[in-house]
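Q: I am new to this structure and would like a close look at a single part of it, followed outward into its surroundings. Please take one helix and explain what can be said about it.

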Amino acid sequence: MRIWQNLKLASLADGTAATVEDGAIVTADGLVLYAGPRGAIPADAADGEVVDLGGRLVTPALVDCHTHLVHGGNRAREFEMRLAGASYEEIARAGGGIVSTVEATRALDIDGLVALALPRLDALLAEGTGTVEIKSGYGLSIAAELDMLRAARRLESLRPVRIVTSYLAAHAVPAEYCGRPDDYIADIVLPGLRQGHAEGLIDAVDGFCEGIAFSPDQIRRIFDLAAELGLPVKLHAEQLSNLGGASLVASYGGLSADHLEYLDGKGVADLAAAGSVAVLLPGAYYMLREKQAPPVAALRAAGVPMAVATDCNPGTSPLTSLLLTMNMAATLFGLTIDECLAGATVNAARALGLNAQSGTLEQGKRADFAVWDVRSPAELVYRIGFNPLHARIFDGQRI
């Protein structure tokens with residue numbers, strides 16, 4: 001048993017960053033036994049190794065609930081093209097975008113994918129992240145998609161981190177199926193989903209519902225199989241247009257709808273009714289120089305929980321900093337300090353179906369937390385290009 005004391009505690013248990021000035025956390029066997037005022041530690045939890053944290057701020061470990069961390073290559077050339085005026089959709093229709101990463105990803109074996117992903121993962125961990133979601137979606141063949149998921153699973157064995165995998169074969173139509181998206185779903189997406197599930201590689205099923213990707217009817221075929229297999233679903237929705245993807249994923253009780261720049265009132269209401277999380281991705285909005293932001297005020301008014309994530313990917317958000325992501329969410333989307341911190345902890349955990357285990361510091365949850373050299377939670381959102389992490393605690397152990 002350990003007693004972590006002399007700390008300022010922001011447990012996020014109530015969804016805000018309100019702090020307990022003289023706080024303490026008691027941990028044992030990788031779990032939190034107590035988190036609250038030091039003077040209220042239960043008698044049966046008051047005897048253990050004492051760790052003095054010097055009055056520093058403690059929050060739950062951060063949770064990055066939307067990443068494409070495993071991939072080959074980069075798309076710096078497309079960045080240059082966008083600077084010259086080309087749109088994301090124009091680049092994609094010209095053979096760039098997601099499909100352009102496929103060749104580089106398919107050329108790598110699992111070892112190669114892991115080697116390239118590790119520095120990206122390490123950057124997230126160095127800023128206090130304890131849980132990371134990783135999607136497939138750049139293989140676009142059964143073998144390559146499952147190798148991406150195998151690489152993601154291996155990362156968890158190489159670093160003290162929790163990895164959650166999402167099957168995203170419905171990310172784009174590969175060149176060999178150009179003009180035949182229904183055949184691609186029948187030949188690759190659905191059989192790959194069955195195989196990946198049988199191997200225990202898939203925690204959730206994702207898709208890209210957009211004019212340059214897949215229609216709601218095509219996504220529905222994939223979600224029907226996910227439901228048959230007992231897998232939760234989430235969706236890239238309303239990023240470039242409104243096809244009703246948010247309402248679609250909500251109708252399946254989905255974990256989240258992500259991006260949401262073109263979300264309408266019906267989509268907001270459907271997400272609220274389903275209890276699905278709105279995952280906001282300011283890195284992609286910034287990188288693509290978009291003009292229409294997600295309807296944050298409407299989501300807030302409807303009580304839809306909002307998460308924020310890096311969307312780390314080679315084309316539209318080569319971002320490996322959740323701290324910067326929170327700043328972007330505040331400055332670009334108008335989130336409050338509380339909303340940013342809840343978005344990278346409790347609501348991000350909920351977007352992964354982990355809210356019973358992670359995202360807050362409460363009795364019975366995992367002892368994953370971050371110790372910061374700051375005076376207030378607002379500093380975690382306010383600063384740019386500055387990492388104040390003092391220590392990361394994972395499973396109750398200092399890393």
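A: What follows looks at helix 6 and then at the parts of the chain around it.

The model is a predicted one, and its chain holds 15 helices and 15 strands. Helix 6 covers residues 181-198, and its length can be checked by simple reasoning: at 1.5 Å a residue, its 18 residues should span 26 Å, and because the C-alpha atoms at its ends are 24 Å apart, the expectation and the model agree. Just after the helix comes G200, which takes a positive phi of about 70°.

Which residues of helix 6 are buried? They are Y184, I185, I188, V189, L190, G192, L193 and G196. The cover over these buried residues includes helix 5 (142-158) and strand 7 (162-170), and also strand 8 (204-209) and helix 7 (216-229).

One residue shows this packing in detail. Setting aside its neighbours within four places in sequence, I222 touches I185, V189, L190 and L193, and it is also in contact with A170 and V205. Both L193 and I222 are among the residues with the most contacts inside the largest nonpolar core, a group of 94 residues in which V70, I219 and M326 are the others named for this. The helix that gives the most to this core is helix 4 (residues 110-125), with eight residues. Apart from it there is a second, separate core of 14 residues, including V51, L53, V58 and I393. As a general background to such groupings, nonpolar side chains in soluble globular proteins tend to be buried together.

Helix 5, one of the elements that cover helix 6, is preceded by a loop that deserves a careful look. In this loop, between strand 6 (129-135) and helix 5, lies L140, which has a positive phi of about 60° although it is not a glycine. This is worth noting because most residues other than glycine have a negative phi. L140 counts as buried, because its relative accessibility is 0%. A similar note applies to H259, which belongs to strand 10 (residues 256-259) and has a positive phi of about 95° without being a glycine. With a relative accessible area of 2%, H259 is buried.

Elsewhere in the chain, an open sheet of seven strands is arranged in the order 3-2-1-4-13-14-15, with mixed pairing. Strand 3 (31-37) and strand 15 (397-398) stand at its edges, and each has a single partner strand, so one side of each is left without a neighbour in the sheet. Within this order, strand 13 (residues 369-372) and strand 14 (residues 389-394) run antiparallel and are joined by four bridges, and W372 stands opposite L389 in strand 14.

Finally, the whole chain gives the setting for the helix. For 399 residues, a compact globule would have a radius of gyration near 21 Å, and because the chain has 21 Å, it agrees with that expectation. Along its principal axes the C-alpha trace spans about 65 × 40 × 40 Å. Buried residues make up 57% of the 399 residues, while the chain exposes about 14500 Å², of which carbon and sulfur atoms supply 51%. Of the contacts between residues at least 6 apart in sequence, 70% join residues at least 24 apart.

Conventions: Residues are numbered from 1 along each chain as its sequence is written. This is a predicted model: local features need pLDDT of at least 70, side-chain atom pairs count only at pLDDT 80 or more; totals for chains, interfaces and linings use all residues. Side-chain values use heavy atoms; hydrogens and water are left out. Helices (H or I, at least four residues) and strands (E, at least two) are DSSP runs, numbered from the N terminus. The expected span of a helix is 1.5 Å times one less than its number of residues. Buried means under 20% relative accessible area, exposed over 50%, partly exposed in between (1.4 Å probe, protein chains only). Contact means heavy atoms within 4.5 Å. A nonpolar core is a set of buried Ala, Val, Leu, Ile, Met, Phe, Trp, Tyr and Cys residues joined through side-chain atoms within 4.5 Å. The radius of gyration is taken over C-alpha atoms; the globule rule is 2.2 Å times the number of residues to the power 0.38. Accessible areas come from the Shrake-Rupley method with a 1.4 Å probe; for residues, only the protein chains shown count as cover. Two strands pair if DSSP finds at least two bridges between them.
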